[in-house]
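Student: I would like to see how the labels in a structure description are earned. Could we go through some together?

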Amino acid sequence: MASRLLRNKFVQQVIRNEYQYKAATSYSTDAGGSSYSEPTIPPYEEKVGESIQVKKARLLYQSRKRGMLENGLLLSGFAGKYLPTMDEPQLSLYDRLINLPSNDWDIYYWATGTKETPPEFDNEVMKALKNFTRNEDRADRTRQPELY
C-alpha cells in the first residue's frame, strides 16, 4: 500500500512538472512548416528583502554563468572588481542590467559600444561597465577571476 502511494505521488509530480514545462514553452513553426518548441524566459522579478551579502553572491554567480563566453568573461571580471564596493542602489542597477534584457548579445553590444544603450540601462553602472570593457590598462581577461 505504501509503495503504491509513493508511486502515485511520483506520477503526480511528473505530471505537474510536465504541465509546468508545457506552460513555460512556446510553440513555433520553422520555414519548412515543422513545428518546434522553445522555452520562454520568465519575466524579471526584483528580489525583495535580500541581504546585500546574498545579493552580491547571487550577482557574482550570475555574472559568471551567462551561457555566452564573451559575457561570462566580461561580466565576471567586472563583478569581481566592482561588486565589493557597490552600494544597494548600484547593486539594483546591475541586477536589472544583467537580468532584464532577454538577449545577452544586447548587453555585450552595449558594453562594447557597438549598439547604443537604451535609456533605461544607461546609468552609472553601465558607464563603469563600458569603461571596464575598454580595458585601457590592457589586463589579461582570458580567464574568469577566482571566486574567493
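Tutor: Happily; what follows takes a few labels and sets each beside its definition. This is a predicted model, where local features need pLDDT of at least 70, side-chain atom pairs count only at pLDDT 80 or more, and totals for chains, interfaces and linings use all residues. Residues are numbered from 1 along each chain as its sequence is written, and side-chain values use heavy atoms, with hydrogens and water left out.

Student: Why is Phe78 called buried?

Tutor: Buried means under 20% relative accessible area, exposed over 50%, and partly exposed in between (1.4 Å probe, protein chains only). Phe78 has 0%, so Phe78 is buried.

Student: What makes Tyr82 partly exposed?

Tutor: Its relative accessibility is 23%, so Tyr82 belongs to the class in between.

Student: And why is Pro89 called exposed?

Tutor: Pro89 has a relative accessible area of 55%, so the exposed label applies.

Student: Why is the pair of Phe78 and Tyr82 called tilted?

Tutor: Rings of Phe, Tyr and Trp (its six-membered ring) pair if their centres lie within 6.5 Å; planes under 30 degrees apart count as stacked, over 60 as edge-to-face and the rest as tilted. Here the centres are 4.8 Å apart and the planes stand at 35 degrees, so the pair is tilted.

Student: What makes Trp110 and Phe121 a stacked pair?

Tutor: Their centres are 5.1 Å apart, with 25 degrees between the planes, so by the cut-offs the pair is stacked. Both Trp110 and Phe121 are buried.
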